[in-house]
Amino acid sequence: MILGFLLSLYTCVSNDVIQTLGTFLSSNQNRPFWVLWAFSGTVLVLTFVLGWYFNDGDMAFGRLAKIPFAGEFSWYHVLPPIVIIFLTRKGVPVSTTFLILSVFSTNTVIGLMLAKSFFGYVLAFISAFILYFIIARPVEKVFLYTRDRKPSKRWIAAKWGATAFLWSQWLMQDAANLFVYLPRKLDFWQMLLSMAAFVLLLGVVCYKRGGEIQNILKLKTNTQDIRSATIIDCVYACILMYFQHVNNVPMSTTWVFIGLLAGREVAMYNRIRFETQKKVYKHVAKDLLKTVFGLAVSIAVVLLINHFDKVYKILDYYFNL
């Protein structure tokens, strides 16, 4: 149980956290890592402590209501986070929600998670496309031509506020991936130890300034500009906040993140022609294919685990294992 929690925590930090802190790290490259760590760590502690207190020890914010605690754990329960670690090192944006939670879920819950995540991608794409189609010329075009200027203090404050808003919303949405290995109600010391582990790993991410998944963000137009990054964070946070109130079924925030970036890129290309058409759609298609590949691997691993006995019998029959 403890090993599964630590591995899932590491995978979520190294793979999913960059969705929310990616623009924050990119737009604050000139600041010491410990400043970024202290800020993000403070938001994390406040979010989880308040959630633990008001939800009677439930660190997952109700996202695990349909997924019961396993009670007994086997070797295959720690396999999903190991697969995620491997894919993350290759820069593949695999969904931790599908790969980790599906091992503990029924087919009905898995279907609900898939449907909600696909809807999240579509909604994020459409929302970003409409918004950036409107603001690309009057706003983003100005940002592109003035990106070498030092941002004002107002934009810096807005960026940090938007990061705190997005970071807290993401934590509430993806907490299920982090705490699925632990009992549904944690006492004070369990809560404290789990948060301490999270904060330490968060420091590693801030020190490394993201990792391989960060490359997906860096390739997008002007994402290292604080002003553009602030708008991205606000849109992403609002979408996650909307899904907080849809239902308590977990969803893949990776799909929402990729959909948002795709809608933004397509809209900005159509409005200001900053890149060639081939290059824009190549990036969008590449990100989507990587995400689909990650989903396919997730489903394959889950099927292998859930039907391990049958697979072993087949292999034993043909290869005399």
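User: Before we look at any residue, what does it take for a residue to count as buried or exposed?

Analyst: A residue is buried when its relative accessible area is under 20%, exposed when that area is over 50%, and partly exposed in between. In this predicted model, Leu-25 has 2% relative accessibility and therefore counts as buried. Leu-25 belongs to helix H1, which covers residues 2–26, and its C-alpha atom is separated by 10.0 Å from that of Trp-37, twelve residues apart along the chain.

User: How many helices and strands does the protein have?

Analyst: There are twelve helices and zero strands, and reading along the sequence gives the pattern α-α-α-α-α-α-α-α-α-α-α-α. Of the 321 residues in the protein, 54% are buried. Among contacts with a separation of 6 or more, 87% are between residues 24 or more positions apart.

User: What span should a helix such as H9 have, and how does one reason about it?

Analyst: The expected span is 1.5 Å times one less than the number of residues. Helix H9, residues 226–244, has 19 residues and should therefore span 27 Å, and the 26 Å between its end C-alpha atoms agrees with that. Helix H10, residues 253–272, has 20 residues and reaches 28 Å from its first C-alpha to its last, close to the 28 Å expected.

User: Why can H9 and H10 be described as largely enclosed by the rest of the structure?

Analyst: The reasoning rests on counting buried residues: in H9 these are 15 of the 19, so that helix is largely enclosed by the rest of the structure. For H10 the count is 18 of the 20, so the description holds for H10 as well.

User: Which residues have the most contacts inside the largest nonpolar core?

Analyst: As a general idea, nonpolar side chains in soluble globular proteins tend to be buried together. Here the largest nonpolar core has 89 residues, and those with the most contacts inside it are Phe-48, Trp-167, Phe-179, Phe-198 and Leu-260. Helix H5, residues 107–145, supplies the largest share of this core, with twelve residues. If we leave aside neighbours within four places in sequence, the residues in contact with Trp-167 include Val-17, Leu-44, Phe-198 and Leu-202.

User: Is Gln-169 buried or exposed?

Analyst: Gln-169, which has its place in helix H6, residues 153–179, is buried, because its relative accessible area is 8%. Beyond its neighbours within four places in sequence, Gln-169 is in contact with Ala-237, Leu-240, Met-241 and Gln-244.

User: Which residues form a nonpolar patch on the surface?

Analyst: The patch is formed by Val-122, Ile-126, Ile-130, Phe-133 and Ile-134, which together have about 450 Å² of accessible area. One of them, Ile-134, lies in helix H5 and is exposed, since its relative accessible area is 57%. A general point helps in reading such a list: an α-helix has 3.6 residues a turn, so residues three or four places apart point the same way. For the protein as a whole, the accessible surface comes to about 15000 Å², and 66% of it belongs to carbon and sulfur atoms.

User: Where is Asp-56 found, and what phi does it have?

Analyst: Most residues other than glycine have a negative phi. Asp-56, although not a glycine, has a positive phi of about 60°, and it is found in the loop between helix H2 (33–54) and helix H3 (79–89). Phe-61 is found in the loop between H2 and H3 too, with a positive phi of about 55°. Asp-56 counts as exposed because its relative accessibility is 59%, whereas Phe-61, with a relative accessible area of 16%, is buried. Elsewhere, Arg-273, just after H10, takes a positive phi of about 50°.

Technical notes: Residues numbered from 1 in each chain as written. Predicted model: local features only at pLDDT ≥ 70, side-chain atom pairs only at ≥ 80, totals over all residues. Heavy atoms only, no water. Helix = DSSP H or I, 4+ residues; strand = E, 2+ residues; numbered from the N terminus. Buried < 20%, exposed > 50% of the residue type's maximum accessible area, 1.4 Å probe, protein only. Core = buried A, V, L, I, M, F, W, Y, C linked by side-chain atoms within 4.5 Å. Contact = heavy atoms within 4.5 Å. Patch = residues over 30% accessible without salt bridge, like charges linked within 9 Å, V, L, I, M, F, W, Y side chains within 5 Å. Areas by Shrake-Rupley, 256 points an atom, 1.4 Å probe, with all protein chains shown as cover. Salt bridge = Lys/Arg side-chain N within 4 Å of Asp/Glu carboxyl O.
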